[in-house]
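Visitor: I'm new to this one, so could you walk me through it bit by bit?
Guide: Gladly, and here it is to look at while we talk.

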Amino acid sequence: MTETFDYLIIGGGIFGAFAAQHLAPHASVALVEKEPSLLKRASKINQTRLHTGAHYLRAPRTATDARKHHDRFLREHQFAINQSFRHIYAIARQGSLTDARGFERFCQWLDIEATQMQDFELLDHNRVSDSYLVKEPAFDPFLLARHYAAKLEELDLRLHLSSQVVSAHRGDDAWLVQIENEKGERTSIAARTVINATYSNLNSISKIFHLPEARIKHEYSELLLAYIPSLADLAITIMDGPFLSITPYGMTGLHVLSSVVYTHHASTENSGQRMPCQIANGHCAVDAFDRCQPCKNKPESSQKFMLNQLRTFVPNIGSIFIHGQVETVKSTWAVEDYRDERQTSIRKLESGPDFYAVMSGKVSNIYELEYIFDAK
Amino acid sequence: MNEMRTSFDKDSILLGTAGWGDKVEKSAALELLSTFYQHGYRWIDTATNYPINRNPKEYGLAIGWLSEFQSDFPDLKIFVKAGSRTNLGEPESFINASYFDLVFEMLIGQLGDGLAGLGVHWDNNSSNDDRSMLLDFFARIHHRGYQIGLSGIASKESYSSNSIGPSLPWIYQLNLSPARGVEIESEIAEVRKHFPDARICGYNTLGGISAKDLATSPNRMKALSTSVGELEGKNENEILNRIIRRALEKEVDALIIGPTNASQFSQWDLALSGSLHD
């Protein structure tokens, strides 16, 4: 038996969950998520920085998108926001693609307050020319996941966890979709509109629907999680280029260390070859990813290089207690590296029945989905 | 009334790893694990901050070794305690659901199917702050088939004064150090009162020192007060037998043992099976 829905949302990250939350009170909605719970992958495994835009000097569209929604996200997700620390943006003396004046001008343009600090003692001032205090909080992905899971539970919608789309074709006025759960049981769904919010797996879903693929770059990424007593109320971002950031990871008490050079181990594009770890894994396609975290074939950790780089810029950091690491695939538009563009895109790939492809790496840009809601 | 148990089955014995990276070198740890495994035991007890040797670079070393060794011991069951911020021996810990959610993810990454359980490793906050989100996390992972535990909890009330905590089948770790006397009985009674479905797991069975040390080092024994004094003059076999009898008498459900090498473990094995003669 085929059940008909107004919307089928594929992907239970924050974009899929937000869309379901907004659509379910007014329409029939089904949501399909590969994992056993919501917000499990990219929504969780990231720097948890609630971007103001200051980080994206080389990507003005990404910066303005982040700035546009920052305050609203903050206001509407207060329960999951950590503002109990100072975020220091420091400009590297060598190799940086900006300088102090450039950073100041950019912050003015974005209307972000950046207060210059004098002799911030943890940093090596031979390597860093200027440092600024920028108000940029962190979100807690686990609290967000709880929030959205509770919200969706209250609503009348069909949630298919541990399930994935295995086939789809276009009917007269609806997409006819087969979903398979972890036990191999199949369910047939007809949906008048499909929203593909699967991030890294975006193209693999488009392929199942026989729709055009987007040019996406995928990077296997490793983040370190540590307790660092000297950074109890601090975050540090070194700008702008092949540097690093160390920021609180939500409200866990740990910091997350991310390095432009060492976090990303390998990359691929959907038109290219699989990464070596994908080949070894066997279950990964070039555009469809198994979970990296428990994968036995993941690349060797770059921990020592990341820590060396951190100590180079922050020599007085003191003791670092590594509590572990998380790994995932981060996906971006395949543009030239120097552009650093991470802009959110919602593309309507098909009409009547409709199909939208959502691609974003910034949680606060969930509000861009209102474009779809408004269109309806 | 139930009759007292006369021995521990193999699933009730956990190999302790507190000394790994400190008193136990990597090769000895591997040999110890290998012997333990060959004798049919599967459970390991560890913590994210082992060894507690005041060397920040070695925070998590014991789990790192287990992760490395694991491929040779496919059905090992590793119970991990988490929360301690450092391995400096300081009591501060992270007691929030987000931290545990994150650590759980990271441990799955490190130990995969070998991860069999997760517990709180010290909660020195004696206030009855709301721990409902943390308890909800533990209920969730228990539902997924993981063992859950508590160790070094200052306030049992903070985990039991709600609808979730008392109903969970915690593995409650309890200090069985020979230095402790009658307070063990009262603590066991307290645990049973707050957590009726808990299994009590004794640790610190030798107070962090080997049976040989106990038998041959009068100063160490003196420092460990009267109950250890009872062991004075006894040989190593007698001490092991007494420790096991003591745990059985106190109706402890499981035991963490801490041999530091394979031959010490073999003695433990004989004692646990009742074949070690005084």
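Guide: What follows takes up confidence, the contact between chains, one strand with its neighbours, the cores and some unusual backbone angles.

Visitor: Before anything else, what are the ipTM and pTM scores here?
Guide: This is a predicted model, and it scores ipTM 0.93 and pTM 0.93.

Visitor: And chain B, what is its mean pLDDT?
Guide: The mean for chain B is 88, with 87% of its residues reaching 70 or more. Within chain B, confidence is lowest in helix α9(B), residues 225-229, where the mean is 45, and highest in strand β3(B), residues 77-82, where it is 98.

Visitor: Where in chain B is the pLDDT below 50?
Guide: That is the case over residues 220-228 of chain B, a stretch that has 18 contacts in the model beyond near neighbours in sequence. Where pLDDT is low, the predicted coordinates should not be read in detail.

Visitor: Okay, how many helices and strands does chain B have?
Guide: Chain B has eleven helices and eight strands, and 45% of its 278 residues count as buried. If one takes the contacts in chain B with a separation of 6 or more, 79% of them are between residues 24 or more positions apart.

Visitor: Switching to where the chains touch, how many residues does each one put into the contact?
Guide: Chain A gives 22 residues and chain B gives 21 residues. On the side of chain A that touches chain B, α4 (141-154), β12 (216-227) and β17 (321-333) each supply at least two residues, and the largest share, seven residues, comes from β17(A).

Visitor: What sort of residues are they, on the chain A side?
Guide: They divide into twelve nonpolar, eight polar and two charged.

Visitor: You mentioned α4(A); how many residues has it?
Guide: There are 14 residues in α4(A), and from its first C-alpha to its last it reaches 20 Å, close to the 20 Å expected at 1.5 Å a residue. Its buried residues are P141(A), F142(A), L143(A), L144(A), A145(A), R146(A) and Y148(A).

Visitor: What do those pack against?
Guide: The buried residues of α4(A) pack against α1 (14-23) and β7 (138-139) of chain A, together with α3 (97-111) of chain B.

Visitor: Let's try a strand: why is β19(A) largely enclosed?
Guide: Strand β19(A), residues 354-359, is largely enclosed by the rest of the structure because five of its six residues are buried.

Visitor: Which strands does it pair with?
Guide: With β11(A), residues 186-196, β19(A) pairs in the parallel sense over four bridges, and N196(A) stands opposite A357(A) there. With β18(A), residues 345-350, β19(A) runs antiparallel and is joined by five bridges, where S345(A) has M359(A) as its bridge partner.

Visitor: What is between β18(A) and β19(A)?
Guide: The two strands form a hairpin with three residues between them, and G352(A) in the turn has a positive phi of about 50 degrees. P353(A) sits in the loop between these strands, and the peptide bond that joins G352(A) and P353(A) is cis, with omega about 0 degrees.

Visitor: Where is the other cis bond, the one with P51(B)?
Guide: That cis bond runs from Y50(B) to P51(B), with omega near 0 degrees, and P51(B) lies in the loop between β2 (43-47) and α2 (61-69) of chain B. R54(B) is placed in the loop between β2 and α2 of chain B, and it has a positive phi of about 65 degrees although it is not a glycine. Most residues other than glycine have a negative phi, and most peptide bonds are trans.

Visitor: Is R54(B) exposed, partly exposed or buried, and why?
Guide: R54(B) is partly exposed, because 13 other C-beta atoms lie within 10 Å.

Visitor: Last topic, how many residues are in the largest nonpolar core?
Guide: It has 179 residues, and L8(A), I9(A), V29(A), A191(A), L225(A), A226(A) and Y172(B) are those with the most contacts inside it. The largest share of this core, nine residues, comes from α3(B). Apart from it lies another core of nine residues, including M275(A), C277(A), C284(A) and F289(A).

Visitor: And what does Y172(B) touch?
Guide: Leaving aside neighbours within four places in sequence, Y172(B) is in contact with G149(B), L150(B), V191(B), F195(B), A198(B), I200(B) and C201(B).

Note on methods
Residues are numbered from 1 along each chain as its sequence is written. Chains are lettered from A and ligands numbered from 1 in the order in which they are written. This is a predicted model: local features need pLDDT of at least 70, side-chain atom pairs count only at pLDDT 80 or more; totals for chains, interfaces and linings use all residues. Two residues are in contact if their C-beta atoms, placed from the backbone, lie within 7 Å. Ala, Val, Leu, Ile, Met, Phe, Trp, Tyr, Cys and Pro count as nonpolar, Asp, Glu, Lys and Arg as charged, and the others, Gly among them, as polar. The expected span of a helix is 1.5 Å times one less than its number of residues. A residue is buried if 20 or more other C-beta atoms lie within 10 Å of its own, exposed if 12 or fewer, and partly exposed in between; C-beta atoms are placed from the backbone. pLDDT is the predictor's confidence in each residue, from 0 to 100. Two strands pair if DSSP finds at least two bridges between them. A nonpolar core is a set of buried Ala, Val, Leu, Ile, Met, Phe, Trp, Tyr and Cys residues joined through C-beta atoms within 7 Å.
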